[in-house]
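Colleague: Got a minute to go through this one with me? I'd like to start with the cavities.

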There are 2 protein chains.
Amino acid sequence: MDRRAEILYHHIDLMKETYIKRLKEFVAIPSISEDLNHRLDVLRALRWCGIRLKNMGFDIRYRIVGTENVYIGDEVPLRTEETAHLPYLLCASLGYDTTKYTLLIYGHVDVKMIAPGEVWNGDPFEMQVVGDFIYGRGVTDDKGPVLGWINAIETFTQCAIELPVNVRFLIDGSEETGSELIPELLRELRKDFLVGVDFVAISDNYWLNMDTPCLTYGLRGVIYFYVYVDGSSRVLHSGTHGGAVQNPLVDLEALMCSLVSTNGTILVPGAYSCVRRPTEAELRQDYFFSQNFETLDFDPATYAKQIGTDALYSNDKVELLRRRWLLPAVEFHGIEKSFDRIGAPTLIPKSVMGKFSLRIVPDQNPYLMSERFKCYLHQMHYRRCSGNRLRVKSFIDGRAFLADHTCVNYRAAYKALEEVWKKKPDLTRDGATIAMACTLEETTNRDVVLIPMGECQDFQHEARERMSVRNYINGIKVFVSYLCNLSAAIIEDSEDEDMRQEDRDRWRKRFW
Amino acid sequence: MDRRAEILYHHIDLMKETYIKRLKEFVAIPSISEDLNHRLDVLRALRWCGIRLKNMGFDIRYRIVGTENVYIGDEVPLRTEETAHLPYLLCASLGYDTTKYTLLIYGHVDVKMIAPGEVWNGDPFEMQVVGDFIYGRGVTDDKGPVLGWINAIETFTQCAIELPVNVRFLIDGSEETGSELIPELLRELRKDFLVGVDFVAISDNYWLNMDTPCLTYGLRGVIYFYVYVDGSSRVLHSGTHGGAVQNPLVDLEALMCSLVSTNGTILVPGAYSCVRRPTEAELRQDYFFSQNFETLDFDPATYAKQIGTDALYSNDKVELLRRRWLLPAVEFHGIEKSFDRIGAPTLIPKSVMGKFSLRIVPDQNPYLMSERFKCYLHQMHYRRCSGNRLRVKSFIDGRAFLADHTCVNYRAAYKALEEVWKKKPDLTRDGATIAMACTLEETTNRDVVLIPMGECQDFQHEARERMSVRNYINGIKVFVSYLCNLSAAIIEDSEDEDMRQEDRDRWRKRFW
């Protein structure tokens with residue numbers, strides 16, 4: 001640990017209460033992007049960050065998707081008519097020193113809505129600190145980490161230490177609705193804002209456990225399917241008509257059941273094609289940083305207890321992680337338009353819609369997979385000889401991601417985690433999807449590192465979403481240390497850069 | 001047609017507008033029994049009938065279920081605390097002449113709630129007459145028929161013609177919630193109110209078509225099932241956990257699918273045991289009143305058009321009717337507690353509940369069938385080796401019913417229909433369930449006739465529930481004629497009564 005870090009860490013400890021107070025202010029903005037009524041709040045949250053960054057010396061621009069690449073001014077005007085222009089993206093730049101490397105940080109300010117069943121102690125948007133935990137909607141996903149980065153950068157100025165890298169911030173207001181239009185905007189930004197970016201960092205996922213920090217180098221992609229079965233033109237009485245008419249709900253359930261076997265294997269032909277095999281090393285043996293699936297801090301029994309289930313497909317650690325990270329998975333989420341309210345109606349629904357998602361892994365082609373599933377469903381429906389009509393819609397919400405976790409970017413982050421947490425971090429994958437990881441890697445052609453701030457039990461998107469004060473404060477220290485290591489690591493590493501380029505190409509080769 | 005009928009019919013025609021106005025007043029009471037907020041309205045509707053009947057000379061008693069057999073007074077007191085005592089039953093008696101026969105009429109004043117998806121032109125409780133149709137919640141189920149009976153009986157007084165039979169009215173306020181406590185109350189009523197009843201009539205089902213009146217002699221029973229699959233203690237993110245955990249929704253759908261094959265055959269062993277075979281005569285050949293399934297006014301193509309489907313299991317008339325009336329059927333209604341709201345959540349539900357019903361037919365034992373289904377579901381779940389927990393609840397909501405349609409009661413009704421409609425009525429069964437048909441037959445040990453007033457396209461329980469003015473007015477004439485025929489028929493019939501008793505015993509033999 002160099003002298004700089006020592007000063008910075010000390011300052012962060014002193015600022016602890018201020019950082020928590022700041023997060024409370026940030027969380028108080030109910031920036032729910034799914035809910036049109038809260039779209040102005042999303043803008044407010046972006047502006048909240050914008051003002052803070054501007055005060056730190058950043059150049060601020062708010063960009064709108066779908067219109068010209070407009071400079072709107074320092075503050076987003078909060079007139080209602082503008083809500084249609086969402087999503088906005090906040091682009092902030094600090095430092096143009098060509099002798100320094102440039103880091104791009106991505107995060108989002110929007111949060112999930114409070115679902116009807118969620119039980120909170122008090123208002124989810126009024127942040128509370130209880131014991132070592134901070135509770136509130138968005139504290140861990142992703143307001144805590146976003147503010148963490150801002151705090152980390154501010155620390156340098158406050159301690160009068162020169163920022164070791166140029167920083168670019170990309171702050172999204174539409175992540176929870178799929179960042180649909182962002183890739184288009186990024187293509188525009190490539191002409192100016194993204195020029196010269198050397199590294200990308202995202203902090204929007206979670207540890208594998210409660211105690212060991214981790215770096216994440218792989219993600220699954222996701223395709224979402226809507227399966228509509230349309231039956232009669234009106235709801236039918238099951239007594240009068242039961243047995244005479246093919247029930248759309250029966251057709252739908254049969255279709256959904258035809259997707260997976262009892263042991264969770266996907267039955268669609270080609271569902272496992274192109275799945276990149278993990279090396280034996282990754283699974284069982286020594287690996288880079290002496291990490292592999294077997295040495296990871298993960299215990300199936302503890303895991304089962306954490307999620308409160310007796311229904312794990314496997315109790316073997318490696319097999320379980322393989323299922324969560326390396327294999328595609330189909331999950332059913334719900335059925336719309338059946339008689340799903342409380343009560344015992346005896347009606348046959350006239351049309352129903354089933355929702356399921358398919359997680360895909362490197363090197364699977366999402367377009368091909370989507371088509372395979374659609375064809376299969378139509379085939380299965382045809383075989384049932386049902387007179388009901390089938391329609392299938394699919395949405396590719398994110399591709400799989402796999403980084404070269406031996407690159408400079410990961411080394412710098414690894415060292416930072418080790419230094420702050422005083423233990424070797426886990427090198428993990430994650431079964432979830434961060435569409436922007438892939439998009440940013442492609443757009444910038446740079447390594448993207450995922451540095452999670454929260455733990456596995458942070459209940460993101462759930463009731464009583466939380467983050468420990470420990471993780472929040474140490475997270476800021478990790479970011480500070482990472483910024484310092486980044487330039488140092490590059491210098492250390494530059495000698496064997498040619499050799500490493502080969503490795504990188506191997507990892508980066510496009511999956512499809 | 002005798003002279004009496006002529007006078008009565010003429011009077012009914014004169015009263016047409018009054019009858020419609022009366023129905024409007026009755027429909028305006030939103031007597032939704034499912035909704036606790038409308039329980040007082042159910043009482044209001046009962047009282048509305050009570051006052052009307054009292055003015056006609058009936059003895060009125062309101063009975064409460066679950067307390068002593070109390071006489072409350074002429075009017076139901078409408079204090080909120082009493083709502084807990086529901087359901088009330090209105091018992092009304094007119095005539096104690098031992099030289100006359102006694103007819104028991106059953107009907108109900110409660111209606112179904114307006115479902116969220118129902119689109120009406122205006123307020124469903126503000127009855128509208130458009131063209132030949134009366135629209136409004138309850139007009140056909142069952143306020144129209146109930147008021148029809150009341151109007152029919154009133155006609156005799158107004159025309160100064162002696163009522164040919166003694167009348168007993170049983171008016172229910174809880175039919176749409178399953179008349180759960182009524183059988184218990186009926187056992188009490190056997191001691192007084194039901195003494196001396198000779199015939200029972202119910203008008204609470206529908207024609208097979210739009211043009212030909214019918215008499216119904218058979219009904220299916222129904223058992224309702226709730227299938228719960230409980231998984232993890234909290235909702236799980238499908239990215240992070242997908243593929244590792246058994247999804248309760250997958251288990252549930254697989255269970256539901258294991259119940260029926262693609263052609264609608266029930267796969268539960270014993271599902272078709274004890275099904276009473278129809279005689280060849282009933283299906284294809286000449287039958288009593290020259291009626292059989294083949295001669296019925298029913299066309300599969302028209303039927304498919306009426307219900308707006310291309311998904312009939314069969315296009316053969318007899319086969320289709322067999323499936324609707326003579327065979328058990330499983331129908332799926334909905335799935336509760338999955339992610340059934342609009343949107344694309346990527347969560348695994350923590351526990352889900354599927355709802356399906358089983359229609360049973362004569363001579364199936366509902367208790368046995370219920371147990372068979374429960375065992376089968378548990379067996380199927382066991383085979384899946386799922387760690388999720390299964391619970392199955394079942395409710396027997398009504399048994400199958402089969403009447404001797406050659407008895408005096410049916411002859412009297414048949415003749416009345418023929419006389420009023422000037423055509424031979426259809427003799428039909430119905431796939432739906434009227435639990436009270438069976439209960440009343442058992443309690444009184446008398447023949448129960450089902451005389452539908454509405455047509456097949458009356459949209460009961462649906463948006464724009466309706467009844468044609470023609471059916472309403474002619475229905476009243478049919479009731480009047482039926483009352484006249486009843487005594488006449490008995491006299492004609494009494495000579496071969498001994499011979500007929502044998503037939504009746506054959507029909508009536510308990511199914512299980």
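**Cavities and symmetry**

Modeller: Sure. The largest cavity holds about 260 Å³ of space, and bear in mind that this is a predicted model.

Colleague: Which residues are closest to the centre of the largest cavity?

Modeller: Thr240(A), His241(A), Trp207(B), Arg324(B) and Cys456(B), out of 21 residues that line the largest cavity.

Colleague: And which helices and strands each supply at least two residues of that lining?

Modeller: From chain A, helix H5 (238-241); from chain B, helix H8 (300-307), helix H9 (317-326) and strand E16 (426-430).

Colleague: How does the lining of the largest cavity divide into nonpolar, polar and charged?

Modeller: Eight nonpolar residues, seven polar and six charged.

Colleague: OK, what volume does the second largest cavity have?

Modeller: About 60 Å³. Its lining includes Trp207(B), Leu417(B), Trp421(B) and Phe479(B). By class, that lining has eight nonpolar and two polar residues, with no charged ones.

Colleague: Where does the largest share of the lining of the second largest cavity come from?

Modeller: H13(B), with four residues. Helix H11 (408-421) of chain B also supplies at least two.

Colleague: Switching topic: what turn and shift lay chain B on chain A?

Modeller: A turn of 180 degrees with a shift of 0.0 Å along the axis, and the RMSD is 0.1 Å. So the two chains are related by a two-fold axis.

Colleague: Which C-alpha in chain B is nearest the axis?

Modeller: That of Glu253(B), 2.7 Å from the axis. Both copies use the same surface, too: 99% of chain B's contact residues recur in chain A.

How values were computed:
Residues numbered from 1 in each chain as written. Chains lettered and ligands numbered in written order. Predicted model: local features only at pLDDT ≥ 70, side-chain atom pairs only at ≥ 80, totals over all residues. Heavy atoms only, no water. Least-squares fit on C-alpha atoms with pLDDT ≥ 70 in both. Contact = heavy atoms within 4.5 Å. 1 Å grid on protein atoms, 1.4 Å probe; cavity = no way out; pocket = protein on both sides within 12 Å on 5 of 7 lines; lining within 4 Å. Points joined across faces, edges and corners; volume = space filled by probe spheres on them. Nonpolar A, V, L, I, M, F, W, Y, C, P; charged D, E, K, R; others polar.
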